[in-house]
Each structure stands twice: as C-alpha cells, then as structure tokens.
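Visitor: Hi! I'm new to this one, so could you walk me through it?
Guide: Happy to. Let's put it on screen.

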Amino acid sequence: IGMRWIGTGAGASDSVVRAWLADRFNHISSLIACLVLAPDNSRERRRAMEFAISLGEHSLRLHDYQTAMCVASAAGTCAVARLKKTWAKKKMRRLKERLEQIQHVVSSCMGFKELRLRQQACKGPMVEYAGICLTEFVFIEDGNHSHRTGDEVNYIKLRLLAEVVDRMAARCQHVYPFDPDDEVEAVLQGVE
C-alpha cells in the first residue's frame, strides 16, 4: 500500500478514495445541517430536526453507521447547536434526548468503543463508519516500519493491514433486502 492511499509521497494521486469519502461525508452532513437551518420559524425548524433525528435513528436500526455519524456531525455544527431558542422549547427536550442517544453510539470516546462493539456484533448488512477503518490504516502505517532490517519486508505490518481489509470485505458480503426503485435511482444518479 505504501503511503499512496493517504496522499503523501510519489503516489499521492491515489488518495482519491480517501478524498471522496471525506467529501461525501462532509456533503451529507452539510445537507442535513442546511435542512435544519433553512426554515425561518422554530416550528418548521423543529420538524426538520425531528426528520434528521429520525433519519439517524433509522440509520442505526439499519446498521448504517456512516449516515448516523453524518446526522450526529450535522447536529454538532456550531450553527445548529447555537439555535438556543429552538432547543430551549419544551417540545425539543425529547428530541434532544433522542439525538443524544445517536451521539452516544457514534461518539469518538474511548476510540469509538460503542460503535466498534455494534459493528463487531452486527451479523447482517451494514454500512461501516469509514473513519474507523481509515484510522486503523493510519495507525498501522505510522506505527510499523515497512522493512525490518535492510530489505527484509515487515510481514507483521502486512498481516495487520490484511486483517483490516479482510474484516471490511467480510462485512460487505451481506446486502440489504431492498427492491430497486427506478425513480429514486434516477434522482440519485443525478446528484453530484
């Protein structure tokens, strides 16, 4: 792998996947935040927040941890968090509790412990949070030399990388039992 996948060294152009993942995550989080911020009145904003939180809860039920993380990230943006009048309303108390449950699952505390446990326990289809895999790749790459002595390849490092890739591949074997929807696919194909 070398350092190509993280965008340093001679193969920096190969970091397309990493850049795409980060851009897609930021794009979805921004869309959710804009959905919440767009309405002019607090009643409509509350409805938008309720939709976003429901999206996060539904994502957790489907084991779509990437989207759940996007919802938590959008709710944590300064603009959304600073909606003090909206958050202060009594009707928002239950929504805030539901949001905190999502944030607890995807929290980065203790190395994403809760999220890692859920991902390990998942037996069916799942959309893994890509940030965990990328972090593991960085730790393996930075924490282990590529060569032991001279030209001797560090096979321990390669085995660690292979374990992460194998685990990711095994989690991708399950597919969601959804029927294709031509209209939705057409719309999604046009999204940049």
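Guide: We'll talk through some ring pairs, salt bridges and a charged patch. Keep in mind that this is a predicted model.

Visitor: Okay, rings to begin with. How many aromatic pairs are there?
Guide: The count comes to 3 aromatic pairs. One of them joins phenylalanine 25 and tyrosine 129, with 6.2 Å centre to centre and 55° between the planes, a tilted arrangement.

Visitor: Where do phenylalanine 25 and tyrosine 129 sit along the chain?
Guide: Phenylalanine 25 belongs to helix α1, while tyrosine 129 is in the loop between α7 and α8. They are 104 residues apart, so this pair links distant parts of the chain.

Visitor: Which residue does phenylalanine 112 pair with?
Guide: Tyrosine 129; that pair is tilted too, at 5.6 Å centre to centre and 55° between the planes. Phenylalanine 112 lies in the loop between α6 and α7 and tyrosine 129 in the loop between α7 and α8, so the pair ties together parts 17 residues apart in sequence. Ring pairs thus make a cluster of Phe25, Phe112 and Tyr129.

Visitor: Is tyrosine 129 buried or exposed?
Guide: Tyrosine 129 is buried, because its relative accessible area is 14% and the cut-off for buried is under 20%. Phenylalanine 112 is buried as well, at 16%, and phenylalanine 25 is also buried.

Visitor: Switching topic: how many salt bridges does a search of the whole structure find?
Guide: The search finds 9 salt bridges. Among them is one between glutamate 136 and arginine 116, at 2.6 Å from N to O. Glutamate 136 is in helix α8 and arginine 116 in helix α7, 20 residues apart.

Visitor: And what does arginine 167 do there?
Guide: Arginine 167 forms a salt bridge with glutamate 136 too, with the closest N and O atoms 2.3 Å apart. Since arginine 167 lies in helix α9, this pair ties together parts that are 31 residues apart in sequence. Arg116, Glu136 and Arg167 are therefore linked in a network of salt bridges.

Visitor: What about a bridge inside one helix, say α2?
Guide: Glutamate 50 and arginine 46 both lie in helix α2, 4 residues apart, or about one turn. Their closest N and O atoms are 3.9 Å apart. Glutamate 50 is partly exposed, at 32%, whereas arginine 46 is buried, at 19%.

Visitor: Last one: which residues gather in the patch of negative charge?
Guide: Asp181, Asp182, Glu183 and Glu185 gather there, on the surface. Aspartate 182 is found in helix α10 and counts as exposed, at 63% relative accessibility.

Conventions:
Residues numbered from 1 in each chain as written. Predicted model: local features only at pLDDT ≥ 70, side-chain atom pairs only at ≥ 80, totals over all residues. Heavy atoms only, no water. Phe/Tyr/Trp six-rings, centres within 6.5 Å; stacked < 30°, edge-to-face > 60°. Helix = DSSP H or I, 4+ residues; strand = E, 2+ residues; numbered from the N terminus. Buried < 20%, exposed > 50% of the residue type's maximum accessible area, 1.4 Å probe, protein only. Patch = residues over 30% accessible without salt bridge, like charges linked within 9 Å, V, L, I, M, F, W, Y side chains within 5 Å. Areas by Shrake-Rupley, 256 points an atom, 1.4 Å probe, with all protein chains shown as cover. Salt bridge = Lys/Arg side-chain N within 4 Å of Asp/Glu carboxyl O. Lys, Arg positive; Asp, Glu negative; His and termini not counted. Charge placed at Lys NZ, Arg CZ, Asp CG, Glu CD.
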